[in-house]
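Grab a pencil and open the viewer. Below are a few exercises to help you find your way around, each with a worked solution.

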Amino acid sequence: MRTLFSLLFVFFLSSNFLFSQTCRWQQRVQYQMDIDMDVAKHQFDGKQTLKYFNNSPDTLYKVYYHLYFNAFQPGSMMDWQNRNPLTADSRVRERISNLKPEETGWHQVKSLTCNGKPAKFEVKETILEVTLPEPILPKSVAELKMDFRSQVPVQIRRSGRDSRDGVAYSMSQWYPKMAEYDYQGWHLDLYVGREFYGVWGDFEVNIAIDRSYLLGASGELQNAAEIGYGYEPEGTAVRQPPGEKLTWRWKAVNVHDFSWSADPDYKHVVVRRENGPTLHFLYQPNENTQATWEAMPAAMDRAFDYIQKNFGEYPYPTYSFLEAGDGGMEYPMATFLRAGAGVGTFVHELMHAWYYGMLGTHEGKYPWMDEGFTEYATAEVLNWLKSEGLINGKPDENPHIFTNNSYISYLKRTEEEPLSTHHDHYLTSRGGGVGAYVKGHVLLTQLNYIMGDPVFRKAMLNYYHTWRFKHPNPDDFLRVMERTAGMELDWFQQYFIFSTKQIDYGITSVEKANRKETTIRFNRPGHFPMPLDVVVTFKKGKQKMYNIPLYMMWGTKTAENPDMHYEVVKPWGWTIPEYELTIDARFKDIVKVEIDPSQRMVDVNRDNNVWMAKTAQAENSGEKE
Ligand SMILES: [Zn+2]
């Protein structure tokens with residue numbers, strides 16, 4: 001009984017008690033949309049009924065929608081962002097400037113009511129500002145009804161018609177989408193290029209389109225037996241209704257966006273996994289898709305097993321890999337990929353189903369929380385696929401070191417901007433990319449180093465379970481890390497996210513203290529304090545690790561490698577430039593002392609990280625002859 005009780009106690013402690021939810025409110029939406037596509041004009045009529053649940057403590061006098069297609073007009077803010085060589089996306093540049101009227105994108109709002117009363121509205125480029133006929137009170141539900149007509153732009157960035165790969169419709173950011181209002185207020189980023197943030201909710205989307213088109217989408221097809229095209233359950237006799245168009249009825253539950261794509265030439269491959277989800281692959285079969293798209297169903301099927309075990313369950317019924325758009329792009333329950341996408345891109349976009357799809361972080365404000373975390377997980381998944389022989393290549397002992405080193409070499413060439421920069425507001429497109437993808441990835445490598453690998457892995461799962469289907473921010477994430485590791489990390493946030501200070505530690509001397517002891521001295525030329533793993537190697541090859549924590553951590557990591565002697569020594573105060581460690585070992589027995597041999601810590605100068613005994617140095621140089 002006692003064992004059972006303590007087990008239960010530990011379970012509650014780790015799953016509920018420690019990670020009890022903050023009572024942060026979040027808004028909720030229920031979309032019902034009827035879309036009637038005119039494929040000759042590339043326009044569609046839309047009827048949208050939106051139930052808006054105001055769970056906030058605030059009375060709302062206005063609401064706002066995103067009208068993303070309006071960005072694809074000459075002279076738009078997105079156009080200007082791409083005319084600036086520093087901030088341009090290489091896929092866009094002058095292309096928006098050169099659009100002809102029939103190639104532009106637009107949304108025309110014909111009518112809008114709130115609870116049956118007409119609402120005043122004004123289009124401000126990619127945002128629709130709505131003045132409500134009567135306020136939406138706290139804890140109440142409003143019904144907003146909109147009739148609109150939209151023109152699908154030529155595919156310029158992410159969404160549009162006639163992609164470079166020849167896909168007819170890449171439909172993302174394609175409908176008037178309610179902006180998010182949360183504890184930080186409204187999020188009204190005008191669309192200039194970077195990414196998204198949406199309200200959690202449910203979507204019912206009915207798309208009537210010429211019957212020759214095959215569709216893929218976020219969500220699950222509700223009328224598969226009327227549609228067929230591989231969506232019908234095995235053995236079902238498909239009975240398509242007559243008429244020029246078919247109406248595809250989609251449903252996606254508990255997501256924050258809905259995307260779809262359509263093409264008459266799509267091939268549809270379905271993988272029905274025993275414990276879900278069903279995977280859909282839609283692509284044009286040709287020489288460009290042959291190499292990877294043909295091989296991906298088997299590899300992604302296996303990848304799902306590994307990912308769910310290591311990063312948390314995928315509870316939705318479907319996930320769709322759609323050949324669409326202009327590069328890999330993530331949406332809830334689906335991704336757009338190019339014809340020539342490699343396995344790395346497939347895995348990256350799939351991992352976004354966790355870091356963005358389920359952990360709905362604000363991609364503009366905290367791009368590193370989706371891109372960086374996705375990159376970290378992708379490196380792990382690819383390494384596993386290699387170790388299982390499912391893809392080519394030899395697995396690495398640590399698949400993150402390459403990214404660490406490329407970050408260090410970037411720092412040597414370029415002055416970086418703080419990671420807290422909004423993705424649209426970096427001075428250069430390159431700087432934003434490095435911040436989001438590379439430094440975001442490195443952030444997790446640093447936490448892995450600080451907390452230790454087993455604790456870090458547990459913390460990532462705790463993060464998932466604590467914050468899935470919500471909108472975690474950097475504080476929320478670090479709070480889970482702190483509680484799992486039993487240490488404070490505010491200093492890390494201060495230095496790594498809000499500053500561009502760099503890490504550099506060195507060994508200044510290793511000397512005989514007395515007959516039995518040796519003194520190792522360290523300095524800190526860098527301005528970024530970090531705990532140190534110091535590994536001492538002895539003559540017969542034995543190694544000992546000394547961990548020097550920071551006072552401000554108020555905790556330490558536990559041993560990562562059970563086979564190596566591990567000792568936590570006195571902490572290093574961050575105002576003190578030097579540190580002295582006296583160890584219980586004879587000087588003449590020591591051959592090498594090294595700071596962080598794992599190379600996880602992004603120390604910008606590793607030349608001063610190693611001390612070698614004179615004899616060892618001589619032997620080493622002898623080897624080189
Ligand atoms: Zn990404």
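**Exercise 1.** Work out whether Phe44 is buried or exposed, and find which parts its aromatic pair with Phe148 ties together.

*Solution.* Keep in mind that this is a predicted model. Start with the cut-off: buried means under 20% relative accessible area. Phe44 has a relative accessible area of 0%, so it is buried. Now do the partner: Phe148 comes out at 1%, so it is buried too. Next, look at the rings. The structure holds 51 aromatic pairs. In the one formed by Phe44 and Phe148, the centres are 6.2 Å apart and the planes make an angle of 85°, which is edge-to-face. Last, place the two residues: Phe44 belongs to strand 2 (residues 43-54) and Phe148 to strand 8 (residues 140-151), so the pair links parts 104 residues apart in sequence.

**Exercise 2.** Look at the loops leading to those two strands, and decide for His42 and Lys139 whether each is buried or exposed.

*Solution.* Take His42 first. Its loop runs between strand 1 (28-38) and strand 2, and its phi is near 60°, a positive value in a residue other than glycine. Why flag that? Most residues other than glycine have a negative phi. At 18% relative accessible area, His42 counts as buried. Then go to Lys139, in the loop between strand 7 (127-136) and strand 8. Phi of Lys139 is positive as well, near 55°. With 61% relative accessibility, though, Lys139 is exposed.

**Exercise 3.** Find out how enclosed helix 12 is, and what covers its buried residues.

*Solution.* First, size it up: helix 12 (residues 474-485) has 12 residues and spans 16 Å from first C-alpha to last, close to the 16 Å expected. Second, check burial. Nine of the 12 residues are buried, so helix 12 is largely enclosed by the rest of the structure. Among them are Pro474, Phe477, Leu478 and Met481. Third, look for the cover, which includes helix 8 (367-387), helix 10 (429-451), helix 11 (453-467) and helix 13 (490-497). Finally, inspect the ends. At the N-terminal end, Asn473 acts as a cap, with a side-chain oxygen 2.8 Å from the backbone nitrogen of Asp475. Just after the helix, Gly486 has a positive phi of about 65°.

**Exercise 4.** Describe the surroundings of Leu322, starting from the strand where Leu322 lies.

*Solution.* Leu322 is part of strand 21 (residues 318-323), and its relative accessible area of 0% makes it buried. Now skip its neighbours within four places in sequence and list the contacts: they include Gly216, Ser261, Leu282, Trp293 and Phe336. Tyr283 is 39 residues away along the chain, yet its C-alpha atom is 6.4 Å from that of Leu322. Follow Trp293 and Tyr283 a step further and you'll find both in one aromatic cluster, along with Trp200, Phe281 and Phe346, among others. Phe346 also turns up among the buried residues of helix 6, where seven of the nine residues are buried.

**Exercise 5.** Which rings have the charged ends of Arg24 and Lys439 sitting over them?

*Solution.* For Arg24, go to Tyr183: the charged end is 4.3 Å from the ring centre. For Lys439, go to Phe496, where that distance is 4.7 Å.

Notes
Residues numbered from 1 in each chain as written. Predicted model: local features only at pLDDT ≥ 70, side-chain atom pairs only at ≥ 80, totals over all residues. Heavy atoms only, no water. Helix = DSSP H or I, 4+ residues; strand = E, 2+ residues; numbered from the N terminus. Expected span 1.5 Å × (residues − 1). Buried < 20%, exposed > 50% of the residue type's maximum accessible area, 1.4 Å probe, protein only. Contact = heavy atoms within 4.5 Å. Polar contact = N/O pair within 3.5 Å; in protein donor to acceptor, adjacent residues only side chain to side chain. Phe/Tyr/Trp six-rings, centres within 6.5 Å; stacked < 30°, edge-to-face > 60°. Lys NZ or Arg CZ within 6 Å of the ring centre and 35° of its normal.
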